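Let's take a walk through this model together, starting with a pair of helices and ending at a sheet.

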Amino acid sequence: MKARVLLVASEAVPLAKTGGLADVITSLARALRERGVDATVMIPGYPSAIEQACGLKEIGALPALPGGAGRLLHGTMSDCGVPVVLLQTAAFDRRAANPYVDHEGNEYPDNALCFGALAHAAVAICAGETALPAPHVVHANDWHAGLIPTLLKLRGIEGVGTLLTIHNLAFQGNFPMETAAALQIPPELLTPEGLEFWGKLSFLKAGLLHADRISTVSRTYANEILTPRFGHGMEGLLNAARERLLAIRNGVDLTAWDAESDTLIARPFSFADMRGKSSCKRDLQTLFQLPIDPFAPILAIGSRITHQKMADVAVASLPQVLRAHPRAQVVVLGRGDKAYEAGFRLLASQFPDRVAVHIGYDERRAHALHAGADMLLHGSRFEPFGLTPLYSMRYGTVPIASRVGGMADTIADAGLHGTPDAGANGILFDGDACEDMTRAVSRAFELYAQPVVWHALQRQAMAADFSWAEPAQQYIDAYRDIAADAAKPCFVEPVAEPVAEVAASEAATACDEPLQYMTA
Ligand code: ADP
Ligand code: GLC
């Protein structure tokens with residue numbers, strides 16, 4: 001029998017996406033399935049998800065979820081065939097492209113009930129109350145799925161192990177205590193030793209307390225979250241849970257982000273033949289209505305426009321960058337806090353032929369940006385992993401990024417002395433002052449002015465290997481341990497499917513290095 005894992009999250013490409021979580025859920029599920037794990041993704045049944053999923057069939061009616069009735073639909077992802085379960089409720093029916101906040105950027109008032117319902121529905125699957133067999137392990141992601149381990153314990157459901165992955169500790173799902181009754185959380189759990197966090201009921205804290213294992217998405221972030229600077233108030237709890245804390249880095253979907261086969265870019269290219277990159281630069285300038293200039297260095301920003309992503313620092317730093325580098329063009333794609341969006345728009349009006357800003361969420365533009373730019377500016381005050389710089393590297397677009405979290409692990413800095421180290425593939429900087437960012441950008445421009453050096457950086461960037469082979473195997477190892485602890489004798493070694501022969505040999509290498517529990 002195959003190992004069954006239910007991956008529960010709030011988003012998964014292509015059905016719903018606001019950030020990297022969506023990419024990770026689907027590509028991890030695919031990587032697991034290629035390695036013989038029966039992985040199913042479960043997300044809310046937003047209208048966009050129901051529209052895009054294939055072959056949906058009802059597998060269970062759940063009349064008494066928080067907030068009302070719901071039904072579970074089972075089908076597959078339209079592009080990759082990964083099985084998916086969607087929870088349809090009246091509240092999720094009303095969610096638009098961003099499922100967490102309304103058009104004004106305000107959180108929906110019923111988020112607690114909606115995502116509480118998602119957790120209850122996942123637990124109903126674990127209890128065997130639907131047509132889907134119960135999983136051996138529930139892999140809960142972020143606060144949206146944080147109540148699952150607690151609810152499993154409350155209902156006394158045995159034999160289903162739990163892993164909670166933290167993709168971003170800044171989002172904790174802390175809600176008024178009064179929501180507890182509707183969420184079917186008993187009052188005795190609402191204590192400081194329990195689910196109470198600074199006077200609120202915390203979904204993430206619930207997960208951290210009761211999950212069999214906790215993981216996060218890079219080694220550096222796993223260490224950072226144990227400290228007050230990055231712990232968002234949960235560092236004490238995490239330190240207490242250290243024996244259960246794992247670091248498993250994310251992988252990149254190498255087929256979706258591939259300079260040689262990407263159908264969303266103007267012309268494919270590879271390091272051996274970079275001519276296509278010039279066409280992609282022209283395409284980017286056209287899309288963003290900038291003057292067509294093959295010699296203008298393009299500095300791109302493509303991310304959520306938020307405080308986490310140092311949007312404030314970028315807005316304040318860019319005028320100086322533009323003055324120091326008179327030929328440079330800046331392209332910004334993103335969506336987020338209104339004040340920062342306005343800051344970027346103002347910049348575009350002040351530098352009309354040099355700065356172009358698209359406020360919105362646009363997959364085609366994201367690919368065009370990664371392929372056509374020369375440099376990607378990705379400042380972050382904290383970054384659990386950071387997929388965006390790795391995507392840009394796949395197109396020879398050199399990242400200039402903060403030395404935090406996953407970016408400290410995946411980007412090798414070019415150094416300060418003109419000639420980059422052999423393995424360098426980008427530029428890292430510390431701090432969140434304007435000078436920190438402008439100095440890093442200046443370093444990039446100095447290197448850009450030396451074509452041989454720049455090409456070496458591009459080569460390294462394009463050659464970086466962040467596939468799912470190693471992390472998928474680490475998750476499988478973790479699931480095996482979790483299931484063994486949950487005393488589920490039917491969990492057996494996953495059997496690799498024929499398509500995964502190559503991957504299975506890579507996985508064997510990963511197996512030689514057992515995942516270590518955090519000890520420091
Ligand atoms: P985070 O998850 O914190 O936002 P990541 O870098 O890990 O950061 O992942 C961000 C993902 O969201 C990437 O796939 C990126 O391309 C995508 N993305 C962010 N903003 C936009 C946007 N405005 N349009 C299209 N894709 C976007
Ligand atoms: C979060 C993090 C980001 C990470 C992504 C996927 O949104 O902010 O760093 O890459 O999740 O794990």
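Before we begin, here is how to read the angles: axes are lines fitted to C-alpha atoms, for helices over the stretch in contact, and angles run from 0 to 180 degrees between N-to-C directions. Please keep in mind that this is a predicted model.

With that in hand, find helix α11 (residues 311-324) and helix α12 (residues 338-350), which pack at an angle of about 15° with their axes 9 Å apart. Angles under 35 degrees count as roughly parallel, and α11 and α12 are therefore roughly parallel to each other. Their crossing is left-handed. On the α11 side, the contact is made by Ala 311, Asp 312, Ala 314, Val 315, Leu 318 and Pro 319, while α12 brings Tyr 340, Gly 343, Phe 344 and Leu 347. Sorted by class, this contact has eight nonpolar residues, one polar and one charged.

Now turn to the sheet. It is open, has nine strands with mixed pairing, and runs in the order β3-β4-β5-β2-β1-β6-β7-β11-β12. At its edges lie β3 (54-65) and β12 (245-247), each pairing on one side only. Neighbouring strands are turned by 25° against each other on average, direction ignored.

Within the sheet, look at β1 (residues 4-8) and β6 (residues 137-141), which pair in the parallel sense over four bridges. One position to click on is Leu 7, whose bridge partner in β6 is His 139.

Helices also pack on this sheet. Helix α7 (residues 203-210) touches β7 (161-166) and β11 (213-216), and its direction makes about 130° with that of β7. Helix α18 (residues 469-485) touches β1, β6, β7, β11 and β12, its direction making about 140° with that of β7.

Note on methods. Residues are numbered from 1 along each chain as its sequence is written. Chains are lettered from A and ligands numbered from 1 in the order in which they are written. This is a predicted model: local features need pLDDT of at least 70, side-chain atom pairs count only at pLDDT 80 or more; totals for chains, interfaces and linings use all residues. Side-chain values use heavy atoms; hydrogens and water are left out. Two strands pair if DSSP finds at least two bridges between them. Helices (H or I, at least four residues) and strands (E, at least two) are DSSP runs, numbered from the N terminus. Contact means heavy atoms within 4.5 Å. Angles under 35 degrees count as roughly parallel, over 145 as roughly antiparallel, 65 to 115 as roughly perpendicular and the rest as oblique. A crossing is left-handed if the near helix is turned anticlockwise from the far one by less than a right angle, and right-handed if clockwise. Ala, Val, Leu, Ile, Met, Phe, Trp, Tyr, Cys and Pro count as nonpolar, Asp, Glu, Lys and Arg as charged, and the others, Gly among them, as polar.
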